[in-house]
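Colleague: Could you take me through this model step by step, giving the cut-offs as we go?

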Amino acid sequence: MKLLAILALFSLLTIAVSTRGFCDPETGDDFQRAHVGLIISPIMSTKVIREIEIYWNHAKYRPSDTIALYTGEPTSDLEPIYTLVPNAPSGIRRTGLQATFVPTSSLTFVQQCLQYHVAWLRNSTIRLTNCLRTQPRWMAERRDILGSLPMSRVFLPGTHDSASYAIHERANFENFVERYVITQDVDVLAQLIYGIRYLDIRVGRYPNTDAVWWANHGMFKSVPMRNVVNQVKTFLDNTDEIVIFDVQEFPVGFGKDLGVHHDFVAFLEKQFAGYYLPKGYGWTSTLNTIWTTGKRLIIGYDEKRVVSRYESVWPCVTHQWGNVRTIEDLFNYLNRIEMESYGRPRSVPRSAMAELTPNTWDVILNRLGSIRQMADKININVTNWYNSKWQHTANIVAVDFVRSSGIVETAIEWNERRNTLC
């Protein structure tokens with residue numbers, strides 16, 4: 001319990017930044033390194049869904065300060081819908097308010113704030129603001145900073161089991177399967193628009209269905225693979241971003257038959273014709289090299305015998321799994337892999353899989369709760385660890401229920417800071 005308390009305290013001691021820019025000289029302004037942000041809770045029941053949460057960091061906060069939530073751009077004339085008084089330099093607070101449902105069709109391919117804004121006020125004056133924000137073009141917008149780097153040296157936000165999603169407009173009951181299968185609450189296109197650039201894809205073959213190829217989570221199929229492919233192509237068609245589509249597991253219908261793999265690669269080649277970058281460019285290629293080709297999709301594939309025979313698929317990203325069941329053990333595992341990578345970047349990118357892994361009895365007895373509940377416990381910790389401890393070594397960090405973390409915002413911030421000597 002003592003270690004847990006220490007970790008909880010540490011997880012809140014984040015390094016934050018000013019909205020004016022990462023390289024501004026110190027001005028003596030108390031808000032130079034302050035931060036306030038919004039996330040969406042993954043918790044869903046028959047009574048609650050999409051609860052808005054506020055998190056903050058301000059080493060020089062004052063007891064008279066307030067943080068306020070608004071449904072528009074904060075101004076002195078707009079009344080907040082929720083306020084809190086920070087009682088510590090860092091923290092997170094549930095608001096009890098439900099965010100409006102935003103379908104993927106309402107998202108655009110330019111950065112936008114999605115209704116909710118948050119502001120830090122001192123003496124009734126707004127000093128710092130943020131919003132629930134999309135990030136559809138963040139890589140291309142920072143080409144001057146990131147262009148000379150290979151993928152293994154870029155901090156990339158990713159999702160775990162990216163295509164195992166369920167979209168609920170209203171609060172609903174989770175059945176037993178959904179509790180341990182669904183890992184995201186928005187579809188793949190929305191994930192990319194929110195800023196994700198690494199997709200963890202698991203595939204199953206179901207020859208007796210019209211679709212044949214499905215996205216899976218373990219033994220359970222989620223959505224037809226052609227749906228996922230079309231979402232990725234829509235995103236690539238509307239942005240200049242680079243996306244890693246990493247096929248990591250083949251849990252159903254593949255067995256040891258390489259012929260099935262050849263069929264699936266043929267499916268990928270046909271569906272992604274004109275989009276994928278040939279393997280010959282290699283993982284050491286810089287982002288500028290990739291942009292120059294006009295091919296901005298990298299398909300990773302977790303079967304070496306297949307990769308050796310095709311130019312369309314690359315060696316897959318290295319997944320780093322702790323297979324742990326507690327926050328303390330996850331911290332220790334992530335700390336070890338990040339310290340091991342310090343000063344020794346790999347040629348092949350690696351993904352820190354920042355999730356808890358329940359065993360069979362945990363599931364049967366519901367000891368760790370659902371995937372939503374586990375994400376709720378760890379995502380803010382993961383965000384803060386990668387913002388304050390491993391920000392210089394991070395490569396890919398994959399999370400469940402990405403909107404309940406600040407990993408996109410953290411990745412963008414530290415790509416700027418660590419590559420501009422700030």
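Colleague: What percentage of the 422 residues of the protein chain count as buried?

Modeller: This is a predicted model, in which local features need pLDDT of at least 70 and side-chain atom pairs count only at pLDDT 80 or more, while totals for chains, interfaces and linings use all residues. Residues are numbered from 1 along each chain as its sequence is written, and side-chain values use heavy atoms, with hydrogens and water left out. Buried means under 20% relative accessible area, exposed over 50%, and partly exposed in between, with a 1.4 Å probe and protein chains only. By that cut-off, the share of the 422 residues that count as buried is 57%.

Colleague: What radius of gyration does the protein chain have, and why does it agree with a compact globule?

Modeller: The radius is taken over C-alpha atoms, and the globule rule is 2.2 Å times the number of residues to the power 0.38. Along its principal axes the C-alpha trace spans about 70 × 50 × 45 Å. For 422 residues the rule gives a value near 22 Å, which agrees with the radius of gyration of the protein chain, 21 Å.

Colleague: Which strands are the edge strands of the open sheet β1-β2-β5?

Modeller: Helices (H or I, at least four residues) and strands (E, at least two) are DSSP runs, numbered from the N terminus, and two strands pair if DSSP finds at least two bridges between them. Three strands form this open sheet in the order β1-β2-β5, with antiparallel pairing; six bridges join β1 to β2 (residues 51-57), and Leu38 stands opposite Ile54 in β2. The strands that pair on one side only, and are therefore the edges, are β1 (35-40) and β5 (90-98).

Colleague: Which residues of β13 are buried on one side and which on the other?

Modeller: In a regular strand the side chains alternate between the two faces of the sheet. Strand β13 (residues 297-301) is mostly covered, with five of its five residues buried. Both of its faces are covered, with Leu297, Ile299 and Tyr301 on one side, and on the other Ile298 and Gly300.

Colleague: In β14, which residue is the bridge partner of Gly300?

Modeller: Strand β13 is joined in parallel to β12 (residues 243-252) by five bridges, and Ile244 has Ile298 in β13 as its bridge partner. Two bridges also join β13 to β14 (residues 314-315), again running parallel. In β14, the bridge partner of Gly300 is Trp314.

Colleague: How far apart are the end C-alpha atoms of helix α10?

Modeller: The expected span of a helix is 1.5 Å times one less than its number of residues. Among the buried residues of α10 are Ile327, Phe331 and Ile337, and the helix is followed by Gly343, whose phi is positive, near 75°. With 15 residues (327-341), α10 should span 21 Å, which agrees with the distance between its end C-alpha atoms, 21 Å.

Colleague: Why is α13 largely enclosed, and which elements are included in what covers its buried residues?

Modeller: The end C-alpha atoms of α13 (residues 407-418) are 16 Å apart, which agrees with the span expected for its twelve residues. Eleven of these twelve are buried, so the helix is largely enclosed by the rest of the structure; among them are Trp414, Arg417 and Arg418. Taking contact as heavy atoms within 4.5 Å, what covers the buried residues includes α2 (138-141), α3 (143-146), β8 (156-159), α5 (188-194), α12 (371-388) and β17 (396-399).
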